[in-house]
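Colleague: I would like a close look at a single part of this model, namely how its domains sit relative to one another. Please take it slowly and give the cut-offs as you go.

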Amino acid sequence: MSHKPSLPPSKMPHVSTTIFTEMTALAQAHGALNVAQGFPDLATPKALRQAAAAAMEDGHNQYAPMPGNHALRSWIAKVHHAGAGYCPDKEITVGAGASSVLYAAMTALLQPGDEVVMQEPGYDLYAPVAELNFAKVVRVPLEDEHALHQAVGARTRIVVLNSPHNPTGDVLTATQLDRLANTLEGTNAWVLSDEVYGPMVHDGREAPVPWRHPKLRDRTLVAGSFGKLFHATGWKIGWMAAPAKLTRELRKVHQYDVFSTGAPFQEALARYLVTEDARIHLNELGPIYQAKRDRLLQGLEGTAFTWRPAEGGYFQVLNVASYLLPAETDRDLAMRWTREHGIATIPMGAFGQVEPSVRVCFAKEDHTIDAAVAKFRAIPTSSATPVAKPPPSQPPSVPIQDSLRVVALQADLHWQDPETNRASFAAELDALLAEEPADLVLLPEMFTTGFSMDTRQAESLDADGGGVTRGWMQDVAQRHGVALGGTVAVRDNAGEAWNRFWLATPEGEVHAYNKRHLFHLAGEGKHYQAGSERVEVHWRGWRLLLQTCYDLRFPGFARNHGPEPYDAVLYLANWPSPRSDAWRILLQARAIENQCFVAGVNRSGTDGSGHQYAGDSLFVDMAGHILADGGGTGSPAVVRATWNKAELTAFRNSLPFLQDADRFGIR
Ligand SMILES: Cc1ncc(COP(=O)(O)O)c(C=O)c1O
């Protein structure tokens with residue numbers, strides 16, 4: 001027997017799916033307005049987009065210099081950080097968004113046991129990166145300046161500042177900087193100043209910065225982000241300005257992390273930033289966002305929300321105390337609002353905030369802000385909301401259905417891209433089910449990643465076996481009133497990976513089957529654990545057997561026998577086109593020998609390993625006749641059929657072959 005290496009303890013045990021991903025997935029599943037995630041829906045300036053296209057046409061498509069495009073670094077040093085005397089060659093580094101240079105800088109600076117002082121609530125990157133570097137995180141409340149000063153000691157290596165602040169919108173004052181400078185004097189602490197919302201300050205405020213402060217300049221590292229400045233978060237171009245000796249070290253990490261990033265985008269920025277269009281854009285950024293903040297807050301006047309207007313940035317925090325139901329947290333409330341009121345926000349509990357509140361991103365077109373206001377205004381306060389009855393002690397009775405309308409989505413999958421796959425299935429189902437309702441919807445095997453043997457892509461599950469995709473499936477099932485089936489590459493709490501078939505019902509249950517027959521030819525058995533149980537689901541009077549792809553070759557495992565035979569078997573697959581004939585024949589064989597309906601749902605297109613899939617999704621009846629066929633052209637298809645229980649029973653009664661079936665056991 002080959003030895004399987006065990007997984008060492010997680011380096012990031014406290015990190016799971018972020019609240020941003022979770023709320024965005026929930027927003028997509030419910031078609032809710034998403035003011036949760038911090039991305040603008042404003043257009044990237046046209047001239048900048050054109051500059052990017054031109055940069056590509058002009059051949060800027062190979063690696064940019066490791067520290068970044070030189071002209072871009074010059075602009076950052078001489079214009080953005082004017083007066084600070086940064087040297088573009090030795091003190092400015094361009095990375096994949098502010099995130100990558102924050103990571104590089106913290107990694108370069110931190111030694112095990114060092115302390116990183118950060119304020120709470122705060123952006124979620126700093127603490128995990130500190131912990132990854134075996135540093136100790138010292139958290140202090142944002143509003144308690146005294147606590148910040150008290151926290152600084154001999155072991156402090158970094159004090160994190162973020163102004164304008166995400167999520168509160170607070171802006172630092174000059175006096176606060178002076179006091180911090182005095183506290184840090186004589187220490188080895190560096191100031192990590194995250195200024196990605198840099199010029200976005202409101203109500204005529206100044207935004208004092210540590211890199212202009214005479215006592216702080218030489219102990220400061222500054223992070224900036226062009227994604228935030230030009231409504232282009234997807235470009236992921238950011239920078240770090242830091243004294244030369246530190247820049248030397250952080251570039252060593254950067255060199256082996258991303259090395260260099262987005263050459264045409266850097267070139268485009270370098271060309272665009274020197275134009276009048278860019279100067280005007282940057283000057284207007286503060287006033288434009290201030291007007292959007294005011295539009296949101298004026299719209300909410302007279303409601304039970306309370307707030308302190310954001311001083312900078314593009315987030316507004318709203319206190320929701322008057323809207324909480326008994327025993328509800330702001331997280332529960334944010335989820336409930338997404339599901340029931342069609343508006344997704346970020347609960348501030350996720351940032352460590354104790355006051356029940358939510359964060360709203362107002363970097364949105366005015367019509368989006370108005371739509372958000374209308375939704376917020378329609379939400380009743382807790383005193384006006386009838387308290388939900390406690391759940392009944394008996395499961396709700398589920399209606400028995402004589403007919404099942406079944407839909408298979410034969411789809412191309414986005415390789416190792418769960419978010420895109422979930423979003424595209426959600427959109428497709430919204431359209432399809434609005435057109436024609438269904439009872440059971442089936443997706444292909446590993447529908448979030450494709451048939452990937454890279455188990456780092458497998459979804460991490462929580463202690464209850466739940467995860468983003470399971471939650472998404474439950475939401476889709478409940479929203480559309482359908483049972484939804486699909487298999488997902490998952491990693492459980494013990495670190496083991498499984499190819500897991502989930503069937504989520506509209507009643508809120510999720511049934512799970514772990515694929516038993518692993519496809520050793522592709523190495524599946526090396527990377528995933530094999531299931532041992534056969535799983536039959538009883539739903540709405542139907543018995544459904546869950547099977548996955550390669551299981552189809554092993555008829556003993558699917559043998560239908562006993563006094564209560566199953567009615568349908570569901571095969572979800574990534575079955576490659578060279579063996580299409582076997583797939584079609586075996587699906588019909590399973591239907592004939594088991595006298596049952598069969599669903600064979602296969603993907604189409606080509607996967608990231610170069611395997612091709614013709615599709616050939618089939619619905620077959622109990623006599624082996626094909627009811628619906630997705631075709632073998634390699635293209636996506638929607639396949640529909642209706643299964644009738646009375647017809648099935650009549651067929652079995654007239655031809656009682658099942659009573660002669662052999663009994664197989666699994667060993
Ligand atoms: C405070 C803060 N810092 C850093 C970042 C990351 O910036 P980038 O997208 O440029 O990596 C964000 C993004 O939301 C942020 O809010």
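What distance separates the centres of domain 1 and domain 3, taken over C-alpha atoms?

Modeller: This is a predicted model, in which local features need pLDDT of at least 70 and side-chain atom pairs count only at pLDDT 80 or more, whereas totals for chains, interfaces and linings use all residues. Residues are numbered from 1 along each chain as its sequence is written. The centres of domain 1 and domain 3 are 38 Å apart, taken over C-alpha atoms. The bounds, which come from an automatic or database domain assignment, place domain 1 at 19-38 + 279-378, domain 2 at 46-274 and domain 3 at 406-657. Where domain 1 and domain 3 touch, eight residues of domain 1 are in contact with nine residues of domain 3, a contact being two C-beta atoms, placed from the backbone, within 7 Å. On the side of domain 1 that touches domain 3, three residues are nonpolar, four polar and one charged; here Ala, Val, Leu, Ile, Met, Phe, Trp, Tyr, Cys and Pro count as nonpolar, Asp, Glu, Lys and Arg as charged, and the others, Gly among them, as polar.

As for the setting of these domains, the C-alpha atoms of the chain fill a box of roughly 95 × 60 × 50 Å along the principal axes. Among contacts in the chain between residues at least 6 apart in sequence, 72% join residues at least 24 apart. Of the 667 residues, 47% count as buried, that is, with 20 or more other C-beta atoms, placed from the backbone, within 10 Å of their own.

How values were computed. A residue is buried if 20 or more other C-beta atoms lie within 10 Å of its own, exposed if 12 or fewer, and partly exposed in between; C-beta atoms are placed from the backbone.
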